[in-house]
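These entries record what I looked up in one chain, in the order in which I took up each topic.

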Amino acid sequence: DCGHPLRLIGRAGTESEWLNYSQLRKVGEGSFSVVYHAVEKKDHTLSPPSRSSNKHVERHLALKALKPNQDAVRVRDEVTALRELLGSDHVVNLIDVVAEGGFVVLVMPYFQHADFSASLASGRLDAAHTCCYMYGLFCALEHIHGHGFIHRDIKPSNVLYNFAQRRTMVVDFGLVQRVVAPAETGSRKRR
């Protein structure tokens with residue numbers, strides 16, 4: 001297991017002490033990466049000092065561990081796009097990029113979602129939810145294209161949906177490509 005990109009997570013006193021994750025669970029794997037759901041624990045002291053107490057705050061994260069020997073240009077393009085696309089409710093936000101020992105891990109908020117195929121087969125993805133799903137997808141694509149990028153890998157496993165929130169999230173920008181320079185995106189006319 002020594003070749004695993006996240007092998008040191010949660011082991012205090014090692015060179016990866018900066019990672020404070022627990023409950024690591026693999027949630028997906030593609031040709032270029034493995035995605036894990038993790039819980040980050042942080043201690044916070046409440047104010048005022050007379051009422052201070054330690055409280056654990058848990059943040060659910062998606063850790064996208066890029067497989068070794070990735071094309072540096074592809075990694076750079078994905079990170080660049082995610083940084084430029086911050087601020088959309090329908091595009092995953094990049095929190096951090098961690099590089100250690102030849103491994104690169106993209107840290108993003110974990111988006112709780114249903115399995116698309118199972119939702120479709122069970123009939124749970126009814127007309128109302130389909131409209132919400134598609135609306136979120138179109139908003140995401142408008143945001144992505146408005147910033148001069150194309151995703152190049154839109155498919156059900158990269159377009160997540162949360163039924164309770166009626167919210168869509170586009171993820172996995174591993175094949176992203178810039179098609180319009182940043183200075184040109186503001187001058188593009190809408191049709």
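**Entry 1: K64 and its partner**

I began with K64, which is buried because its relative accessible area is 5%, under the 20% cut-off. The model is a predicted one, and I read every value below with that in mind. I next looked for the partner of this lysine. D172 makes a salt bridge with K64, and the closest N and O atoms are 2.9 Å apart. I then placed the two residues: K64 sits in strand 3, whereas D172 belongs to the loop between strand 8 (167–170) and strand 9 (177–178), so the bridge ties together parts that are 108 residues apart in sequence. I noted D172 as partly exposed, since its relative accessible area is 28%.

**Entry 2: Overall layout**

I stepped back to the whole chain. I recorded 4 helices and 9 strands. In sequence order, the pattern reads β-β-β-α-β-β-α-α-β-β-β-β-α. The chain has 191 residues, and 36% of them are buried.

**Entry 3: Further salt bridges**

How many salt bridges does the structure hold? I recorded 8.

I looked up the pair K67 and E29, whose side chains meet in a salt bridge at 3.0 Å, N to O. K67 is in the loop between strand 3 (54–66) and helix 1, while E29 is in strand 1 (residues 21–29), so this pair joins parts that are 38 residues apart in sequence. I entered K67 as partly exposed, because its relative accessibility is 25%. I also found that E29 and K67 do not stand as an isolated pair: together with K26 they are linked in a network of salt bridges.

I then turned to R76 and D77, which form a salt bridge with their closest N and O atoms 2.9 Å apart. R76 counts as partly exposed at 49% relative accessibility, and D77 is partly exposed with a relative accessible area of 25%.

**Entry 4: Helix 1**

I checked the length of helix 1 (residues 72–84) against expectation. At 1.5 Å a residue, its 13 residues should span 18 Å, and the end C-alpha atoms are 18 Å apart, so the two values agree.

Which residues of helix 1 are buried? I listed V75, E78, V79, A81 and L82. These residues cover an arc of only 165° around the axis, which means that they lie on the same side of helix 1. On the other side of the helix I found A72 and R83, both exposed.

**Entry 5: The largest pocket**

I looked up the open space next. The largest pocket holds about 940 Å³. I recorded 41 residues in its lining, and those nearest its centre are V35, S157, N158, V171 and D172. D172 is thus a residue I have entered twice, here in the lining of the pocket and earlier as the salt-bridge partner of K64.

Which elements each supply at least two residues of this lining? I noted strand 1, strand 2 (33–45), strand 3, helix 1, strand 5 (103–109), helix 2 (116–122) and strand 7 (159–162). By class, I entered the lining of the largest pocket as 21 nonpolar, 11 polar and 9 charged residues.

**Entry 6: Enclosed space**

I then asked what enclosed space there is. Rolling a probe the size of a water molecule over the atoms shows where empty space is left. The search of the whole structure gave 1 cavity of 30 Å³ or more, and the volume of the largest cavity is about 30 Å³. I listed its lining residues as A114, D115, F116, S119, L125, Y161 and F163. This lining divides into 5 nonpolar, 1 polar and 1 charged residues.

**Entry 7: Positive phi values**

Last, I looked up backbone angles. R152 has a phi near 70°, a positive value in a residue other than glycine. I located R152 in the loop between strand 6 (149–150) and strand 7. R166 also has a positive phi, near 55°, and is likewise a residue other than glycine. I placed R166 in the loop between strand 7 and strand 8, and I entered R166 as partly exposed because its relative accessibility is 41%.

Methods:
Residues numbered from 1 in each chain as written. Predicted model: local features only at pLDDT ≥ 70, side-chain atom pairs only at ≥ 80, totals over all residues. Heavy atoms only, no water. Expected span 1.5 Å × (residues − 1). Buried < 20%, exposed > 50% of the residue type's maximum accessible area, 1.4 Å probe, protein only. Arc of directions from axis to C-beta. Salt bridge = Lys/Arg side-chain N within 4 Å of Asp/Glu carboxyl O. 1 Å grid on protein atoms, 1.4 Å probe; cavity = no way out; pocket = protein on both sides within 12 Å on 5 of 7 lines; lining within 4 Å. Points joined across faces, edges and corners; volume = space filled by probe spheres on them. Nonpolar A, V, L, I, M, F, W, Y, C, P; charged D, E, K, R; others polar.
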